[in-house]
Amino acid sequence: MTSTAKQPATIAVEGGYELAEGGRWTGDRYVYVDILSGRLLELPAGTGQTPRQLARLDVPLGAVAPVRDRPGDWIVAAGTGIALLGADGVLQWLDRPEDHNTVPSRMNDGVADPGGRFWAGSMAYDATRGAGSLYRTDHDGTVTRVLDGLTIANGPAFTADGATMYLADTADGIIHRFRVDPATGDLTGPETFVRFRSDEGSPDGMTVDDEGCLWVAVWGGGEIRRYQADGRLLHTLKVPSPQPTSVCVHPSDFRILVTTARYGLTHPTKASGAVLSAPAPARAPETGHWRQG
């Protein structure tokens, strides 16, 4: 049976962000990006904290993951490719594959898998159908296009064993599921996990909790959904913003944090572009690290 949350989401950060996304817990802090302004921000654990800007790039910043054993360093999906961002704010590009796209494009959402690889999707600025791709960055820094023909790639999200990957194509309203070889990162699939109706909104950022359930931010639907591994909808949380972009399950506090966007809204509210918080029935592992070497 599907349940609807009775406790409402509240505003944790009154950011007014244009396109906040990519929220992740790492250590004792929550990190997220404001894509179009190129900003990386952190919110320390605890109540009443103020977010702090860690970096500001001169290109859009889609997603980040910490680099293992290098505190303060990040691997980032930014501009037209993948780079290392040092604690000094300097970018070291690994590859810029979207420079070769036939339409102006940028990197979008991304995450490190349990095996220490970094995965990130891309999209055309005008959302040209089929112009997006999914890239995998291996331990040696090699960036490989593993999927093409996507439109707006969001996620991906991995199970704790690294053997299953969920990937949303937001424009098509589909969440794909792939089998992953944890040793190589090779994919098998996809199969359709969930297909959204046109009046439901579209799947955006996602994460998997410690019970193996998938949480999905529903862009245009103003809600967060939790799905069982068999595709059954377990839980729905309405949020006071029509454009939630990512959902992050806290590793110990039984709550979620949700980024949202003001982008494209004619009449944004106080919650549009804020970071929201709400109770949750599960916890999740800490954010994965990209492992170099």
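**Reading a predicted all-strand model**

Tutor: Threonine 259 lies in strand S24, residues 255-260. The model is predicted.

Student: Why is threonine 259 called buried?

Tutor: Its relative accessible area is 0%. Buried means under 20%, so threonine 259 qualifies.

Student: What makes a residue count as touching threonine 259?

Tutor: Contact means heavy atoms within 4.5 Å. Residues that touch threonine 259 include Ala20, Glu21, Tyr30, Tyr32, Gln243, Pro244, Ala274 and Val275. Residues up to four places away in sequence are not counted.

Student: How far apart are threonine 259 and tyrosine 32, in sequence and in space?

Tutor: They are 227 residues apart in sequence. C-alpha to C-alpha, threonine 259 and tyrosine 32 are 8.0 Å apart.

Student: Which aromatic cluster includes Tyr32?

Tutor: Tyr17, Trp25, Tyr30 and Tyr32 form one cluster.

Student: How many aromatic pairs does a search of the whole structure find?

Tutor: Six. One of them joins tyrosine 166 and phenylalanine 193.

Student: Why is the pair of tyrosine 166 and phenylalanine 193 called edge-to-face?

Tutor: Ring centres must lie within 6.5 Å to pair; here they are 4.9 Å apart. Planes over 60 degrees apart count as edge-to-face. These stand at 65°, so the label fits.

Student: Which strands does this pair link?

Tutor: Tyrosine 166 is in strand S16, residues 164-169. Phenylalanine 193 is in strand S18, residues 187-195. The two are 27 residues apart, so the pair links distant parts of the chain. Both tyrosine 166 and phenylalanine 193 are buried.

Student: What makes phenylalanine 193 and tyrosine 227 an edge-to-face pair?

Tutor: The centres are 6.0 Å apart, and the cut-off is 6.5 Å. The planes meet at 75°. Edge-to-face needs over 60 degrees, so this pair passes too. Tyrosine 227 sits in strand S21, residues 223-227, and is 34 residues from phenylalanine 193. Tyrosine 227 is also buried.

Student: How do you know that the radius of gyration agrees with a compact globule?

Tutor: With 293 residues, a compact globule would have a value near 19 Å. The protein has 17 Å, which agrees. The C-alpha trace spans about 45 × 40 × 35 Å along its principal axes.

Student: What share of the residues is buried?

Tutor: Buried residues make up 57% of the 293.

Student: How many helices and strands does the protein have?

Tutor: Zero helices and 25 strands. Among contacts between residues at least 6 apart in sequence, 45% join residues at least 24 apart.

Definitions and conventions. Residues numbered from 1 in each chain as written. Predicted model: local features only at pLDDT ≥ 70, side-chain atom pairs only at ≥ 80, totals over all residues. Heavy atoms only, no water. Helix = DSSP H or I, 4+ residues; strand = E, 2+ residues; numbered from the N terminus. Rg over C-alpha atoms; globule rule 2.2 N^0.38 Å. Buried < 20%, exposed > 50% of the residue type's maximum accessible area, 1.4 Å probe, protein only. Phe/Tyr/Trp six-rings, centres within 6.5 Å; stacked < 30°, edge-to-face > 60°.
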